[in-house]
Amino acid sequence: MNDQLKQFLDDAFRPYGNFPARGDVEQELLANLTEKYNDLKAEGKTDEEAYRLTTESFGDVSEIMEQVAPKDSAAKAKQASNGSIVDSIKGVFLGNDHRFWATALQNADLGGTDLPGANFSASALMGASFDKADLRDSKFKAAALKSASFAGANLAGSNFNSSDTTGVAFDGADLTDAKLNRCALAGASFTGATLDNTEFKQSALDGVSFDNLTLRGTCFDSSSLKKATFKNAVLENVSFHHSKVKDAVFDGATMDKVTYALLKGAKANLDGVHIR
């Protein structure tokens, strides 16, 4: 069935060519459609019924493309990617339509802007600056964000699932309830960030530093944390189920008994850890 759903998506997007990060977009949509198909099967639907209802729920792809990637915005985005964004270009993107799906905004300067609920999914945002921007509940799913900066940004409730966040600066950002699942985060920085209830499921966090942070309800399930550091951090109700923590560093960290037991069971080195 996975092959049938993949073919369905390939056929749906074929008329639109290779827009930015198309492969990642289709992968994310395939995961969503597969989940819906499995839910319908669990409800007792036949294979044929589940497939039909799943594909019908996808809607009209032409309407989706018309809403999320208007031609004039895409053209302006391409122009902006060739140089620095000036105020006139910002005006195009900061109107009533805050959806930037599948646009090219490399090295764009959107620092300090108010864009709650914006949709940057599948966009090329390498090196872009969103410092101190209001991006609550925004979407960056399957986006190319290498070396982008979100320093001091409000990213509460945002979604970065399946994005390339290599080398991204989240220093001082509020990532409360944010989702960074299945992300490549090598070289990302979180100095002074708020990570309450933030999800990092199935993400690559090798070598990332969480030193001196207070982590409450943060989820690292099924993630790779080789040589990640949590020195002097405070961990409260943090989840590490099925994560690779054997080579992570927890020197001087303070944690509750449940988190301690979970890490001990995963063979983490907990020498010098404080339990409370």
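Q: In what order do the elements of the chain run from the N terminus on?
A: In this predicted model, the elements follow one another as α-α-α-α-α-α-β-β-β-α-β, counted from the N terminus. Taken together, the secondary structure comes to seven helices and four strands.

Q: How many of the residues of the chain count as buried?
A: The chain has 276 residues, and 46% of them are buried, where the word stands for a relative accessible area under 20%. The accessible surface of the chain comes to about 13,100 Å², and carbon and sulfur atoms hold 46% of that surface.

Q: How do you know that the length of helix 1 agrees with its number of residues?
A: Helix 1 covers residues 2-13, which is 12 residues, and at 1.5 Å a residue these should span 16 Å. The C-alpha atoms at the two ends are 17 Å apart, and therefore the value found in the model agrees with the expected one.

Q: Why can the buried residues of helix 1 be said to line one face of the helix?
A: The residues concerned are Leu5, Leu9, Asp10, Ala12 and Phe13, which are buried in helix 1. When one looks down the axis of helix 1, these buried residues fall within an arc of 165 degrees, so they line one face of the helix.

Q: What makes Asp39 count as partly exposed?
A: Asp39 has a relative accessibility of 42%, and the class of partly exposed residues lies between the limits of 20% and 50%, so Asp39 belongs to that class. Asp39 is part of helix 2, residues 22-42, and its C-alpha atom is separated by 8.6 Å from that of Ala50, a residue 11 positions apart from it along the chain.

Q: Why is Ser223 called buried?
A: The relative accessibility of Ser223 is 2%, and a residue is buried when the value is under 20%, so Ser223 meets the condition. Ser223 is found in the loop between strand 1 (214-216) and strand 2 (234-236). Once its neighbours within four places in sequence are left aside, Ser223 is in contact with several residues, among them Phe200, Leu205 and His242.

Q: What makes Cys219 count as buried?
A: With a relative accessibility of 10%, Cys219 stays under the limit of 20%, and therefore it counts as buried. Cys219 has its place in the loop between strand 1 and strand 2. Not counting residues up to four places away in sequence, Cys219 touches Thr198, Glu199, Phe200, Lys201 and Ser239. For one of these, Phe200, the distance from Cys219 is 5.7 Å from C-alpha to C-alpha, although the two are 19 residues apart in sequence.

Q: How many disulfides does the structure hold?
A: The structure holds zero disulfides, which means that no pair of cysteine sulfur atoms lies within 2.5 Å. Cys183, for its part, counts as buried, because its relative accessibility is 3%.

Q: What makes Ala178 a buried residue?
A: The relative accessible area of Ala178 is 0%, which is under 20%, so Ala178 is buried. Ala178 is found in the loop between helix 6 and strand 1. Apart from neighbours within four places in sequence, Ala178 is in contact with Leu155, Gly157, Ser158, Asn197, Thr198 and Glu199.

Q: Is Lys227 buried or exposed, and what is its relative accessible area?
A: Lys227 has a relative accessible area of 58%, and since exposed stands for over 50%, Lys227 is exposed. Lys227 sits in the loop between strand 1 and strand 2, and its phi is near 65 degrees, a positive value in a residue other than glycine.

Q: Is Ser162 buried or exposed, and what is its relative accessible area?
A: Ser162 has a relative accessible area of 17%, and because this lies under the 20% limit, Ser162 is buried. Its phi is near 65 degrees, again a positive value in a residue other than glycine, and Ser162 lies in the loop between helix 6 (87-93) and strand 1.

Q: What makes strand 1 and strand 4 edge strands?
A: The four strands form an open sheet in the order 1-2-3-4, with parallel pairing. Strand 1 and strand 4 (274-275) each pair on one side only, and these are the edge strands.

Q: How do you know that strand 2 and strand 3 pair?
A: Strand 2 and strand 3 (residues 254-255) share two bridges in the parallel sense, and since at least two bridges are needed for a pair, they fulfil the condition. Val234 stands opposite Thr254 in strand 3.

Notes
Residues are numbered from 1 along each chain as its sequence is written. This is a predicted model: local features need pLDDT of at least 70, side-chain atom pairs count only at pLDDT 80 or more; totals for chains, interfaces and linings use all residues. Side-chain values use heavy atoms; hydrogens and water are left out. Buried means under 20% relative accessible area, exposed over 50%, partly exposed in between (1.4 Å probe, protein chains only). Accessible areas come from the Shrake-Rupley method with a 1.4 Å probe; for residues, only the protein chains shown count as cover. Contact means heavy atoms within 4.5 Å. The expected span of a helix is 1.5 Å times one less than its number of residues. The arc is that of the directions from the helix axis to the C-beta atoms.
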